[in-house]
2 protein chains.
Amino acid sequence: MKGSESVLSTAAAAGMRVCFANPGTTEMALVEAFDATTGIRPVLALAEGVVTGAADGYTRMAGVPALTLLHLGPGFANGIANLHNARRGRTPLVNLIGEHASWHQAADAPLASDIDSLAAPVSGWVGRTTSAARAAEEFAAARQAALRDRMPATLICAADHMWSDGGVEAAVPEPPAPPAVAPERIEEVAKLLAGAARPALLLGGDALDGEGLRTAARIAAAVGAEVFAERSPARLERGPDIPAVRSVPYFPEDVLDALDGFSDLVLVGTGTPVAFFGYQGLPSFPVPDGTAVHPLADKGDDVRGALRALAEAAGAAATAPTAPPRPGPTAPSGALNASAVAAAIALTQPDGAIVVNEGVSSGGAYPAAATGAPAHTELTLTGGAIGSGMPMATGAAIACPDRAVIGFQADGSAAYTAQALWTQAREELDVTTVICANQRYRILEAELRRAGVDEPGPGATSMTRLAGPVLDWTAIARGFGVPGVRVSTGEELLDALRRAHADPGPHLIEAVL
Amino acid sequence: MKGSESVLSTAAAAGMRVCFANPGTTEMALVEAFDATTGIRPVLALAEGVVTGAADGYTRMAGVPALTLLHLGPGFANGIANLHNARRGRTPLVNLIGEHASWHQAADAPLASDIDSLAAPVSGWVGRTTSAARAAEEFAAARQAALRDRMPATLICAADHMWSDGGVEAAVPEPPAPPAVAPERIEEVAKLLAGAARPALLLGGDALDGEGLRTAARIAAAVGAEVFAERSPARLERGPDIPAVRSVPYFPEDVLDALDGFSDLVLVGTGTPVAFFGYQGLPSFPVPDGTAVHPLADKGDDVRGALRALAEAAGAAATAPTAPPRPGPTAPSGALNASAVAAAIALTQPDGAIVVNEGVSSGGAYPAAATGAPAHTELTLTGGAIGSGMPMATGAAIACPDRAVIGFQADGSAAYTAQALWTQAREELDVTTVICANQRYRILEAELRRAGVDEPGPGATSMTRLAGPVLDWTAIARGFGVPGVRVSTGEELLDALRRAHADPGPHLIEAVL
């Protein structure tokens with residue numbers, strides 16, 4: 001078999017199922033191999049930011065790594081921003097990047113570039129194929145590294161290693177188990193929690209699923225702690241059976257306020273809160289002076305196991321305390337704002353929905369509205385590289401064809417990767433995207449005010465306004481093959497959402513704020 | 001003044017005029033400085049590939065470097081593909097990349113990444129600011145490096161160095177003169193041309209302007225040589241007063257055919273022809289065995305000076321031989337194909353137009369049609385990273401507001417950076433984009449056939465077809481604020497082009513092939 005066939009066969013044998021792709025000439029042998037092998041479904045995207053963001057969303061939801069297939073350095077580069085988010089979210093996916101034939105690389109052809117230098121910042125592991133015979137083995141190493149590091153791994157595949165015969169399917173090692181937290185550390189933390197004046201748990205990563213949140217609630221009840229969720233988690237579960245959790249705020253002064261008065265902060269599957277940006281007079285790590293920070297488990301550790309062990313050591317009850325029923329939000333009426341959009345989504349979302357929140361300045365409204373919503377999973381912007389939401393929604397819908405996917409989407413961010421709509425249409429995905437069309441980069445207006453610019457001049461204003469012309473999202477959606485509708489009141493939005501959910505398939509709703 | 005103001009003031013004093021931008025929080029001080037200083041016009045784009053491609057197109061046409069302003073590693077990464085094209089085209093532009101405040105960098109905030117590693121592959125020079133006081137000086141060094149290396153230069157600007165007071169406008173050195181070719185080398189080449197059995201000149205870079213092409217024609221007439229232009233030049237001039245020139249073909253076997261029988265090939269402003277991709281059984285450098293290659297001037301040398309000196313040494317006549325009048329193409333009629341689109345553009349283009357050719361599989365038809373067109377400049381895809389055409393057209397139109405800009409645009413490539421249309425609308429640019437809508441990556445179908453796949457399976461077919469759904473380019477254009485029309489015959493296309501040229505401003509014509 002060809003080297004390319006050995007790679008895809010090995011991937012399929014390892015349980016991988018989907019390859020998000022935007023291939024070119026150097027990837028033709030891998031493209032052929034989609035037909036010569038079975039088990040890997042290729043999904044085309046019109047732009048590489050969609051490829052990598054979809055792979056991130058797929059992997060977060062599917063629990064098995066996605067493949068990406070990208071074209072040399074420049075094609076890969078277009079996908080870096082969403083791989084940055086995947087790296088921050090600890091998503092294990094595997095990038096296959098086509099490279100010139102090994103004997104052609106020295107010629108410095110127009111598309112040649114230093115792919116390794118581009119790949120390193122967003123990859124836990126970067127390697128190159130060395131022959132058709134070894135390509136599958138090298139692929140297995142990439143997959144193993146991705147699962148071990150919980151990060152994207154990148155294999156650069158020379159075209160001749162892919163097109164040549166002599167490929168050999170490789171053995172696929174079991175994914176390594178995440179490191180367990182030492183029992184001594186569990187005991188230490190249990191002891192300090194028992195003696196702490198006013199402790200809090202800060203959960204991240206795997207701790208934010210239903211089991212993790214219930215376990216944390218048991219611990220909290222036992223020791224009198226409050227529970228926080230990290231800012232921008234890769235994946236957070238909510239539902240009637242899952243204890244609600246406060247999120248760490250965005251701006252550092254708000255983080256300091258939220259943590260004010262806590263004697264101790266135990267980190268479970270996350271790090272010390274860090275300011276998203278550095279601001280004059282505010283610290284990089286916004287933790288009050290009086291709050292001692294205690295790491296229990298890193299994001300890559302066996303976080304759920306650590307929580308279970310801590311619950312036992314802390315003498316927690318076997319079940320989480322019963323939470324009072326949480327009312328849903330009030331139905332929005334009249335002119336829209338971010339809270340109204342969040343309420344409308346929460347009120348209409350089907351049971352088991354996946355909500356991809358890239359609302360940026362509007363997205364913060366969703367968690368409050370969602371506490372009364374049916375069980376759902378929220379995916380957020382882990383690395384701050386905007387243009388992630390619509391691609392992630394695409395990948396999540398492919399991972400979970402039986403669940404409705406809803407995009408809570410800022411307009412500025414949507415404009416980076418609107419091409420995702422085409423893949424949603426082509427693959428007939430059940431994704432409803434709600435664009436919060438405030439026609440500006442509102443977060444930048446806020447940042448200008450923070451910097452003391454209350455009345456921006458024409459230059460600064462032109463950098464924050466998405467007007468002149470206003471984007472027509474219904475036309476953009478139609479252009480990419482997705483039906484779109486524009487709404488400007490709560491009533492219209494509720495109606496549009498109900499219609500969209502009643503008709504599975506891609507929809508776009510432009511909510512004019 | 002703030003560090004940011006010192007940088008922009010220094011840029012303006014150096015004659016720079018435009019900054020293409022997609023800023024974020026770390027760039028707020030530079031955004032403010034657009035208003036606090038004078039001389040630099042900020043131009044917003046919705047996606048960074050538009051920013052960098054526009055900067056490339058602007059710089060190719062304006063003759064002074066553009067600035068870009070990009071947001072940290074991920075924002076920069078989105079612009080890498082078009083910077084790859086700029087590097088290959090030897091375009092001297094200056095990237096300003098915002099970075100976290102110096103004291104916040106160690107915190108590894110979510111948007112932190114290794115910007116240097118991302119920037120190096122597409123930059124001749126990468127540096128970082130060290131303080132507000134030195135930022136302008138460091139900027140001047142970046143600009144100087146860009147002009148010296150004829151490549152993008154990248155300055156990573158820490159937010160606190162930009163927002164802090166203490167900035168000092170820096171002296172701007174004269175751009176360095178390109179190195180002159182040694183007189184001895186000129187004499188050697190003149191001698192070998194005089195004695196060569198069947199010589200050819202291969203021109204690239206600066207040799208492809210009117211003066212260069214006329215000088216080359218004088219030399220060719222004197223020594224009995226043929227003149228070729230490099231494949232994919234950054235900028236090529238055509239017109240009634242400019243001798244026509246053959247382009248080096250795309251596929252290596254066609255290059256071997258084109259060069260067959262030439263005894264000597266003199267390189268002026270370009271390198272030995274290189275195969276765009278490596279193919280089994282074909283060489284990386286497709287030059288026939290019997291053809292001796294003689295470098296005269298590198299792309300960064302004083303190429304025009306070398307040509308003038310060679311003309312003198314070769315005893316060339318003072319004026320280029322009179323070329324026979326070249327008839328324009330026949331007006332296309334009925335169903336469209338690539339040649340019909342090329343003919344329609346050539347027949348209707350205003351005098352002095354700038355034609356940005358990213359037609360990919362269709363674009364090869366333009367040069368033949370254009371030989372009879374009014375004087376114009378053609379910009380091409382120098383580095384093979386598609387998604388360059390619409391951004392370049394945007395930048396070229398800002399550089400040359402009095403010239404009509406025409407995009408000869410493949411649909412697959414257009415889909416990467418369609419967001420450029422919004423900037424064309426916002427800046428009211430006179431750009432007419434003709435989308436060759438063949439609804440496939442036709443170049444990849446050709447590559448599959450070359451690889452021996454005559455009947456691709458469903459997987460491979462799904463990777464090359466842009467169907468299911470077909471893109472509606474008129475809707476996409478409308479969504480971004482540009483009027484669009486769909487045509488499917490030569491008559492309709494001619495009519496649409498004439499209407500577009502009669503109404504300066506952005507237009508999109510979807511030509512269904």
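**Entry: B:D108 and B:S232**

I began with B:D108 in this predicted model, and I found that B:D108 is partly exposed, with a relative accessible area of 42%. I had to remind myself that a residue counts as partly exposed when its value falls between the limits of 20% for buried and 50% for exposed. I then looked up where B:D108 sits, and I placed it in the loop that runs between β4 and α6 (115-119) of chain B. Its backbone also caught my attention, since B:D108 has a positive phi of about 50° although it is not a glycine.

I next turned to B:S232, which likewise is not a glycine and yet has a positive phi, here of about 55°. I located B:S232 in the loop between β8 (226-229) and β9 (236-238) of chain B. With a relative accessibility of 22%, B:S232 counts as partly exposed.

**Entry: the start of chain B**

How many of the residues of helix α1 of chain B are buried? I went through the helix, which covers residues 3-13, and noted that 10 of its 11 residues are buried, so I wrote it down as mostly covered. The buried residues of α1(B) include B:V7, B:L8, B:A11 and B:A12, and B:G3, B:S4 and B:E5 are also among them. I then asked myself what covers them, and the elements I found include the helices α2 (28-36), α7 (132-149) and α8 (159-163) of chain B, together with the strands β3 (67-71) and β4 (94-99) of the chain. Just after α1(B), I came to B:G15, which takes a positive phi of about 90°.

**Entry: cysteines**

I searched the whole structure for disulfides and found zero over all chains. To follow this up I took B:C19 as an example, and I saw that the closest cysteine sulfur to its own is in B:C157, at 10 Å, which is too far for a bond. The cut-off that matters for this step is 2.5 Å between the two sulfur atoms. I also noted that B:C19 is buried, with a relative accessible area of 1%. In chain A I looked at A:C436, which is buried with a relative accessible area of 1%.

**Entry: cis peptide bonds**

I checked the bond between A:G468 and A:P469, and I recorded it as a cis peptide bond with omega of about 5°. A:P469 has its place in the loop between α19 (458-464) and α20 (473-479) of chain A. In chain B, a cis peptide bond joins B:G468 and B:P469, with omega of about 5°, and I found B:P469 in the loop between α19 (458-464) and α20 (473-479) of chain B.

**Entry: how the two chains are related**

What turn and what shift along the axis lay chain A on chain B? I noted a turn of 180° and a shift of 0.0 Å along the axis, with an RMSD of 0.0 Å. I wrote beside this that such a relation is that of a two-fold axis. The same surface serves both copies, since 100% of the contact residues of chain A recur in chain B.

**Entry: helices that pack**

In chain B I looked at helix α9 (residues 183-195) and helix α12 (residues 303-313), which pack at an angle of about 50° with their axes 9 Å apart. That angle makes α9(B) oblique to α12(B). The residues that make the contact are B:I186, B:E187, B:V189, B:A190 and B:L193 on the side of α9(B), and B:A306, B:A309, B:L310 and B:A313 on the side of α12(B). I also recorded that α9(B) passes α12(B) in a right-handed crossing.

In chain A I took helix α10 (residues 210-223) and helix α12 (residues 303-313), and there I noted an angle of about 25° with the axes 9 Å apart. These two helices, α10(A) and α12(A), are therefore roughly parallel to each other, because the angle falls under the limit of 35 degrees. The crossing of α10(A) past α12(A) is left-handed. Among the contact residues I listed A:E211, A:G212, A:T215 and A:I219 of α10(A), and A:R304, A:L307 and A:L310 of α12(A).

**Entry: A:T348**

Is A:T348 buried or exposed? I found A:T348 in helix α13 (residues 338-348) of chain A, and with a relative accessible area of 12% it is buried. When I left aside its neighbours within four places in sequence, A:T348 was in contact with A:L494, A:L497, A:R498 and A:H501.

Methods
Residues are numbered from 1 along each chain as its sequence is written. Chains are lettered from A and ligands numbered from 1 in the order in which they are written. This is a predicted model: local features need pLDDT of at least 70, side-chain atom pairs count only at pLDDT 80 or more; totals for chains, interfaces and linings use all residues. Side-chain values use heavy atoms; hydrogens and water are left out. Buried means under 20% relative accessible area, exposed over 50%, partly exposed in between (1.4 Å probe, protein chains only). Copies are superposed by least squares on the C-alpha atoms of residues with pLDDT of at least 70 in both. Contact means heavy atoms within 4.5 Å. Axes are lines fitted to C-alpha atoms, for helices over the stretch in contact, and angles run from 0 to 180 degrees between N-to-C directions. Helices (H or I, at least four residues) and strands (E, at least two) are DSSP runs, numbered from the N terminus. Angles under 35 degrees count as roughly parallel, over 145 as roughly antiparallel, 65 to 115 as roughly perpendicular and the rest as oblique. A crossing is left-handed if the near helix is turned anticlockwise from the far one by less than a right angle, and right-handed if clockwise.
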